[in-house]
Amino acid sequence: MADIKDPENTIIIELKDGPVVIELLSDVAPKHAERMKQLARDGAYDNVAFHRVIEGFMAQTGDVANANMEKDYNPGRAGTGGSQYPDLPAEFSKLPHDRGTLGAARSQNPNSANSQFFINFKDNHFLNGQYTVYGRVISGMEHVDKIARGEPPANPDRMISVKVAADA
């Protein structure tokens, strides 16, 4: 696994093929980083499906309201919900949407990000300045690359568990 420099700002997502370690960019997008840690500590991300996975683009997950595959899973509504917490204001930066970066998913309203996020499979610079970048995969990208594709996938993969490294 990766060399973790700041366990309080590092997330470990357990996937079927192995762990994905994400460095949160709390200096760039502090509200988004804080929300991810809050939801991880709540256990809200555990068993949540990857509901939108597009080859050559990204894998989206994090709908804690509708995509928990162990509790009230609703594939038809997966991707439409958030968490019990309020939406977040955009925290746009100059950081590019490169392969392995984490972007905040949102509706047309730039200030509507809540719990959903995506991991870029490749450099997606057309997203720059439109979606908040708040983390980057520092190890385990090969596991992200194996997530089942589809909108939604026929047999979606899930985040088995999501933890803040400081708590792991």
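## Overall dimensions

For 168 residues, a compact globule would have a radius of gyration near 15 Å, and the protein agrees with this at 14 Å. The model is a predicted one. Its C-alpha trace extends over about 35 × 35 × 30 Å along the principal axes.

Of the 168 residues in the protein, 50% are buried. The exposed surface amounts to about 7,700 Å², of which carbon and sulfur atoms supply 48%.

## Secondary structure and annotation

Two helices and ten strands are assigned in the protein. Their order along the sequence is β-β-α-β-β-β-β-β-β-α-β-β. Among contacts between residues at least 6 apart in sequence, 69% link residues at least 24 apart.

An unreviewed UniProt entry lists residues 18–168 as "domain: PPIase cyclophilin-type". Within residues 18–168, helix accounts for 11% of the chain and strand for 25%. The C-alpha atoms at the two ends of this segment lie 15 Å apart.

## Nonpolar cores

In soluble globular proteins, nonpolar side chains tend to be buried together. The largest nonpolar core of this model holds 35 residues, and I11, I13 and F117 have the most contacts inside it. Helix α1 contributes the largest share of this core, with four residues. A second core, separate from the first, consists of five residues, including F57, M58, A105 and F118.

The surroundings of I13 can be described in more detail. Apart from neighbours within four places in sequence, I13 is in contact with G18, P19, V20 and I22, as well as with F117, M159, S161 and V162. F117 is thus both a contact of I13 and one of the residues with the most contacts inside the largest core.

## The environment of S83

S83 belongs to the loop between β5 (58–61) and β6 (101–104). S83 has a relative accessible area of 17% and is therefore buried, the cut-off being under 20%. When residues up to four places away in sequence are not counted, S83 touches R35, L39, V64, N114 and S115.

Two of the interactions of S83 involve its side chain. One is a polar contact with the side chain of N114, at 2.6 Å. The other runs from the side chain of S83 to the backbone nitrogen of Y85, at 3.1 Å. In addition, the C-alpha atoms of S83 and Q116 are separated by 8.8 Å, although these residues are 33 residues apart along the chain.

## Backbone features in loops

The loop between β5 and β6 also contains D72. D72 is not a glycine, yet its phi is positive, at about 55 degrees. With a relative accessible area of 65%, D72 is exposed, because the threshold for that class is over 50%. The same loop therefore holds a buried residue, S83, and an exposed one, D72.

N47 likewise has a positive phi, near 70 degrees, in a residue other than glycine. N47 is located in the loop between α1 (30–42) and β3 (48–49).

A cis peptide bond joins E151 to P152, with omega near 0 degrees. P152 is placed in the loop between α2 (141–144) and β9 (158–159).

Terms used
Residues are numbered from 1 along each chain as its sequence is written. This is a predicted model: local features need pLDDT of at least 70, side-chain atom pairs count only at pLDDT 80 or more; totals for chains, interfaces and linings use all residues. Side-chain values use heavy atoms; hydrogens and water are left out. UniProt positions are given in the numbering used here, feature names are shortened, and annotations may be inferred rather than shown by experiment. Buried means under 20% relative accessible area, exposed over 50%, partly exposed in between (1.4 Å probe, protein chains only). Contact means heavy atoms within 4.5 Å. A polar contact is a pair of N or O atoms within 3.5 Å; within protein, one must be able to donate a hydrogen and the other to accept it, and residues adjacent in sequence count only if both atoms are side-chain atoms. The radius of gyration is taken over C-alpha atoms; the globule rule is 2.2 Å times the number of residues to the power 0.38. Accessible areas come from the Shrake-Rupley method with a 1.4 Å probe; for residues, only the protein chains shown count as cover. A nonpolar core is a set of buried Ala, Val, Leu, Ile, Met, Phe, Trp, Tyr and Cys residues joined through side-chain atoms within 4.5 Å.
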